[in-house]
Every structure is written in structure tokens, then in C-alpha cells.
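Colleague: Please take one part of this model and look at it closely for me, then work outwards to whatever surrounds it. I'd like one connected account rather than a list.

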Amino acid sequence: MREYLVEVIIQNKEMAKDPEGETIERDLIHRGGYDSIRAVRSGKYLRMLVKADGPERAREIVVKMCNELRLFNPVVHSCSVKVRASGRKGGD
Amino acid sequence: MRIAVLNFPGSNCELDTIYVLRRLLNLDAELVWHEAFDRSGYDAAILPGGFSYGDYLRAGTIAAHSPAMKHVRAMADEGKPVIGICNGFQMLTEAGLLPGALLRNEGLSFVCRWVSLRVESNRSALTWLLPKGAIIRLPIAHAEGRYVNERRAIRELWRNGQVILTYVDELGNPTPDANPNGSMDNIAGICNERGNVVGLMPHPERGAEGVLSPFGSEDGLMLFESLLYFMNGGDRICGAG
């Protein structure tokens, strides 16, 4: 069994205002002269190592976990799960 | 009548709540460590304010997975009052016992002040004795209190009388200026359809004695008195008599 690096990104859906993203955009990015950047959204980033039989299986495990344990609140958040690195041999 | 006040790692309003229940209302209230909570013998549960688990991931999320929540959920199903104050409200939404979510305040900062609230419904265990339209004053203290839900779901809450408290100005109007956190429709508290599961961001336990209020008000006490009457079968003392 191999271990895969999986990333989870949780962010507010469009319907839920994101004042943190708006403030970063307005008071940091635009004020700092980067006018070509817009639609900044903040979120939460989690990374983890997952033991699985393949990258697809690693993704499935994490998606199931996110739904089951409510790592995101489906009313207001969207959640994306990506397998970033191909497997390396697990510890045991 | 026995009331459990659940204590989570990071709770900080549990003793204030116990004080109000025991000393001001003479009720049998017990502080119970969340891992030791068993619902048998309790008639109501209160999830107090604080910063359970350091608000990691999201406020209330980790506490919502505590073994205690199995019992809390069962009490909710049995129609017993389950009250979430501030962080407790966040736990109830995270546990799916109340609809919607409480997100970071629109102004991004922690807000700690007294607010005026309008009673929108008296079908909940906490507003049972209060006349609809009454204006009460309570303090708030939170960073994640912006109530958000799908517009359709909020319309449903209004229709069912599940919106119990809104932030209003001195005249009772739900203006944007009176909204301390950007909550949709100025919502400060809601309940489930049966009215036994109630969540609110303001702190009734901090506004239950005149000596603690800049207005000399004791409005918070009325919310706990409502709870008492709700538990006693719901006889309202106000009205015709």
C-alpha cells in the first residue's frame, strides 16, 4: 500500500460573502498596486498523507471523510479534494 | 427538573450559566464534562459559550463530534430543550441540529457589546414567555456570528416562526447599522420546528442581573424563565390572566 499527498481546500460558496477575501483584495492587493488581480476568495487549506491502493482510492477516502465528518458545511462551503503527489511507499 | 450544562475544552460561559440557573432561578443545574455526559436523568441540556477546541477548523465543528452530541441529539429528538448559546449555537448548526451556518463576522473583528433584539417568535423554549415584538437587551461577544443560509431556507424559517430574535435599533427596526455581524435578515437566534432546540448568539446568562447591565435590565432572566415554563409543560403565564 502506498501513501498519497492529498490536499483539501474549503471555501465559501458564492452566496456567502467572504469579507476576508474582499479585505485582502482591497486593502492589500489593490493598495499594493496589483490592479489586474480580482475576485480574491479566502479559504482553508488542509494537507494530509493517505494510505491507499491508488490515487483514485486515496481521493475517495478523503471525500468520504470530508462529507462524513463535515470538514466543510455544505450549506455555505464548497470543498475540493486533489491528490497532489503520486504514491510513495507507506511506513509499514 | 435537572438541567445539564455541558463543559467542553475551551468553554468559558458555563459557570455564568450555572450561576443564573442555580442562584437566580433555584434550579437543579449541573456542570457535566462533555465526555461524561449521559442524558438519562436530565430534562434539558445547555451548550454554553466559549471557544471549544480553540475554534479549530470552524467554531463548534469539533465539539459537534463529541460523544456528548449523541445524547444531545437524542434529547432533541425526545422534545427536550437543547439550548446553544454563542459557541453552543455554532455547535448546533455544525451538528445539523439547527439549519444554516455561522460565519466570520462581516467586519472581521470580534464584536463585544450590548445589542437590542426584537422577539420575532415565542414558539421557542427560550422565548416562550415573551410577547412577540418585545425589545430586549443582551450582550454579544463573538467573531463568528454571521448567520448565513440559503434564501429559500430563511424564508421557510420565517414562515414557521423559527426566527426567534433579530438585531434591531432602539426603535425596533432591523437596520444594517443595528446588525453587528452581517447576519442575513439580522438573525440573532433561531429554533427548530418543535421549538425545543434553540440557538442564539447573544448571551442571556450575562444579561440576567441588573447589576451587570448598563441599562439595569434583567432581560436574560426572562429567557431562562421561559425555559423553565417550557419544561413544565408550556403553561404561559402571560396573556389573558
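Modeller: Happy to! A residue is called buried if 20 or more other C-beta atoms lie within 10 Å of its own, exposed if 12 or fewer do, and partly exposed in between, with C-beta atoms placed from the backbone. This is a predicted model, in which local features need pLDDT of at least 70 and side-chain atom pairs count only at pLDDT 80 or more, while totals for chains, interfaces and linings use all residues. Residues are numbered from 1 along each chain as its sequence is written, and chains are lettered from A and ligands numbered from 1 in the order in which they are written.

The part I would pick is helix α3 of chain B, residues 87-94 (helices, H or I of at least four residues, and strands, E of at least two, are DSSP runs numbered from the N terminus). Buried status applies to 8 of its 8 residues, so α3(B) is largely enclosed by the rest of the structure. The buried set begins with B:Asn87, B:Gly88, B:Phe89 and B:Gln90, and continues with B:Met91, B:Leu92, B:Thr93 and B:Glu94. What do they pack against? Their partners are four strands of chain B: β3 (44-47), β4 (82-85), β5 (101-103) and β11 (197-200); contact here means C-beta atoms within 7 Å. Just past the end of α3(B), B:Gly96 has a positive phi of about 80 degrees.

Two residues of chain B that are not glycine also take a positive phi. For B:Tyr53 the value is near 50 degrees; B:Tyr53 sits in the loop between β3, one of the strands that α3(B) packs against, and α2 (68-77). It has 19 C-beta neighbours inside 10 Å and therefore counts as partly exposed. The other is B:Asn186, with phi of about 60 degrees, in the loop that leads from β9 (163-168) to β10 (187-191). Because it has 24 C-beta neighbours inside 10 Å, B:Asn186 counts as buried.

From β3(B) we can also step into the nonpolar core (buried Ala, Val, Leu, Ile, Met, Phe, Trp, Tyr and Cys residues joined through C-beta atoms within 7 Å). The largest one has 74 residues, and B:Leu6, B:Ala45 and B:Ile83 touch the most other members. Leaving out neighbours within four places in sequence, B:Leu6 is in contact with B:Val32, B:His34, B:Phe37, B:Ala45, B:Leu47 and B:Ala68. Apart from this core lies another, of 9 residues, among them A:Tyr4, A:Val6, A:Val8 and A:Ala58.

Next to B:Leu6 in sequence is B:Val5, which stands opposite B:Leu31 of β2(B). The two strands concerned, β1 (residues 2-7) and β2 (residues 28-33) of chain B, run parallel and are joined by 6 bridges; pairing requires at least two DSSP bridges.

That leaves chain A, where 12 residues are in contact with 14 residues of chain B. Chain A holds 2 helices and 3 strands, in the order β-α-β-α-β from the N terminus. Its C-alpha atoms fill a box of roughly 50 × 30 × 15 Å along the principal axes. Of its 92 residues, 16% count as buried. Among its contacts between residues at least 6 apart in sequence, 74% join residues at least 24 apart.
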